[in-house]
Amino acid sequence: MKRILSVLMLCGALYSCAPTDPNVALTEQAKSEYLTPVHPGGEARPFWNGFAKKFIYAPAFDFSSVEGAAEYLYTATTENGQSWSFTSDTPQSALSPIWNSIPEGTNVALKVEALNSSGEVIGVAGERNFFRDYGFNPPYTGAVRSYREAAILGLLYVHKMPQVQNFATSVEPDMSYPHFTYPCKIIGAVVKSEVLLASLLPHYRDNALAIARGAAQFLIDHSRKADEPLAYFPPTYYKNLIHSKESWNQGKTMALEAASAAEAFLDLYNATGEEKYLNHALGIADTYLRLQCEDGSWHIKYDFTTGEPVNDSKAMLHPLLRYFLRLETEYGQTKYTEARLKGEKWMAEHILNRFDMTGQFEDVTVVGLQPYENLTNCTAAPYATYLLSREASEADINTAYELVRFSEDQFVYWDMPLGKDGHKRDATPCVFEQYKYAMPVDNSSCNVANAMLSLYEKTGDELMKAKAKALIDNITVTQCVNTGKILTTWRIRHNYKPSFWINCSYSSACTLLRMENLE
């Protein structure tokens, strides 16, 4: 008997000394953090979530006070009739007291009632329906191949596309790949992709750089002349395909698309040492200096010929500020520093303060949109990464956390309920692009993962790294086994044909390589 007890005591001692499952610890940390609302409104700060349909972090809503109310009764009821309640002295409290009690993956009806001093209902402060989304709960499917291998396979798929190979002998795009209708974004991405491939696989260098030169020459040939208002800017739109044919895009250009092309010119200059690419990139930067408004902003869209703003909408500045910072740090070009700092100040005062992280895509018009109607991770997460890419203050880090948590809250799907066919609709974990295009996109996973990795590198936050890894690992899972093609959209319902954008594939390759270096 003593021998049995000794064995049991030894087993208990060994169990008590066993290391805690890191996944359990990460899940508990995430659940704790989900109790804090993301950039809640109130007082002088507006509420950003009027159009939001789902939440991972406990939300607070812009409900109105009721005259004579002593307190407010919050009642959240799920679709199966379960309910949870708490009271507060304000109608704008976060749902933190009951948030972790509400089952994940359920539709919720929230009602906030005003109570008098006797506890009687005297009015309704507000009602809201939303989806209580799944939180981070590892483990997830790990990478099915090395990050480097996945990145190279993705780059090789682009390299071998006949429409891409065409640039090795031609400076005109093969429009059988219709996304070339967006030259700055897509043809610029061809340049970047081929330069990156040339650096990774020397055997492909000559062919890859020939393609990059041909694609870059197209952009140069179709850029505005040096004496024109938009000097050196390549076109945002070309031909009359997809959304280039829309009347609001004809003869127009998205202001910050030229910064993407300029980054491609810098990459090609680094690979070849040919000055014309650097000069064109600097010409683009100088035009941006002339276009900057007194308040530090830039307009979102210009007439491509006259250089006049198309409307009063202002651009989200992360691509341009990132480009200016690269010119400073990599090439010693300090003439753009003042403009960059003015741009940062404008972003802080006019965008971050209101938290209106509105989408600005070449195929979605911003005209007629209400504030907060089309929010996106593509504005929020990259700006967090930008803030952390230079010397970051404690305030910058706190802002980056808010932008990352907003991106997770609104656009990350760690899991999904099964559909009527017994399958999930999308390949989770994934990240939706925007409200207006509610679709899982690989580039959006990269946006959020990169911002999370930047936070990890600045703060050592292991939860940020774990979340980023889960998103990046799924790039390898969704990658086509036979071709290496990195799918752009991750919808997996029956008969859905995934789209493929070269710029998104390039972003995935870069993110995979970053994870490879970090690991």
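Contact is taken here to mean heavy atoms within 4.5 Å. The structure described is a predicted model, and the account below moves from the packing of two helix pairs to aromatic pairs and then to individual backbone features.

Two packed helices are described by the angle between their axes and the distance between the axes. In the pair formed by helix α4 (residues 147-160) and helix α6 (residues 183-200), the axes are 10 Å apart and the packing angle is about 125°, which makes α4 oblique to α6. The crossing of these helices, α4 and α6, is left-handed. On the side of α4, the contact is made by R148, I152, L155, L156, V158 and H159, and these meet S193, E194, L196, L197 and L200 in α6. By residue class, the contact of α4 with α6 comprises 7 nonpolar, 2 polar and 2 charged residues.

A second helix pair consists of α8 (residues 257-272) and α9, whose axes come within 8 Å and cross at roughly 155°. Because angles over 145 degrees count as roughly antiparallel, α8 is roughly antiparallel to α9. The crossing in which α8 passes α9 is left-handed. The residues of α8 that take part are E257, A258, A259, A262, F265, L266, L268, Y269 and T272, and their partners in α9 are E275, Y277, L278, H280, A281, I284 and Y288. This contact of α8 with α9 divides into 12 nonpolar, 2 polar and 2 charged residues.

Helix α9, which spans residues 275-291, also contains T287. With a relative accessible area of 0%, T287 is buried. When neighbours within four places in sequence are left aside, the contacts of T287 are with P229, L230, A231 and F233. By contrast with these contacts, D174 stands 113 residues from T287 along the chain, and the C-alpha atoms of D174 and T287 are separated by 29 Å. One of the contacts of T287, F233, also belongs to an aromatic cluster that it forms together with Y288, W298, Y323, F324 and Y336. Y288 of this cluster is in turn listed among the residues of α9 that meet α8.

Aromatic pairing in the model was assessed by the distance between ring centres, with a limit of 6.5 Å, and the count comes to 29 aromatic pairs. In one of these, the ring centres of Y157 and F500 lie 5.3 Å apart with their planes at 85°, so the pair is edge-to-face. Since Y157 lies in helix α4 and F500 in the loop between α15 (462-478) and α16 (502-518), the pair ties together parts that are 343 residues apart in sequence. The two members are described by their accessibility as follows: Y157, at 23% relative accessibility, counts as partly exposed, whereas F500, at 8%, counts as buried. A further pair is formed by F167 and F180, whose ring centres are 5.5 Å apart and whose planes stand at 70°, so that this pair is likewise edge-to-face. F167 is in the loop between α5 (162-165) and α6, and F180 is also in the loop between α5 and α6, with their positions 13 residues apart in sequence. Both F167 and F180 are buried.

Cis peptide bonds are found at the following positions. One joins P138 and P139, with omega at about 10°, and P139 is found in the loop between β5 (121-132) and α4. Another joins T428 and P429, with omega at about 0°, and P429 lies in the loop between β8 (412-413) and β9 (430-431).

Positive phi values in residues other than glycine are also present. For K239, phi is near 65°, and the residue is placed in the loop between α7 (205-221) and β6 (252-254). The relative accessible area of K239 is 49%, so K239 is partly exposed, the limit for exposed residues being over 50%. F355 likewise has a positive phi, of about 60°, although it is not a glycine. F355 lies in the loop between α11 (337-352) and α12 (377-389), and at 2% relative accessibility F355 counts as buried.

Conventions: Residues numbered from 1 in each chain as written. Predicted model: local features only at pLDDT ≥ 70, side-chain atom pairs only at ≥ 80, totals over all residues. Heavy atoms only, no water. Axes fitted to C-alpha atoms, helices over the stretch in contact; angles between N-to-C directions. Helix = DSSP H or I, 4+ residues; strand = E, 2+ residues; numbered from the N terminus. Parallel < 35°, antiparallel > 145°, perpendicular 65-115°, else oblique. Left-handed = near helix turned anticlockwise from the far one by under 90°. Nonpolar A, V, L, I, M, F, W, Y, C, P; charged D, E, K, R; others polar. Phe/Tyr/Trp six-rings, centres within 6.5 Å; stacked < 30°, edge-to-face > 60°. Buried < 20%, exposed > 50% of the residue type's maximum accessible area, 1.4 Å probe, protein only.
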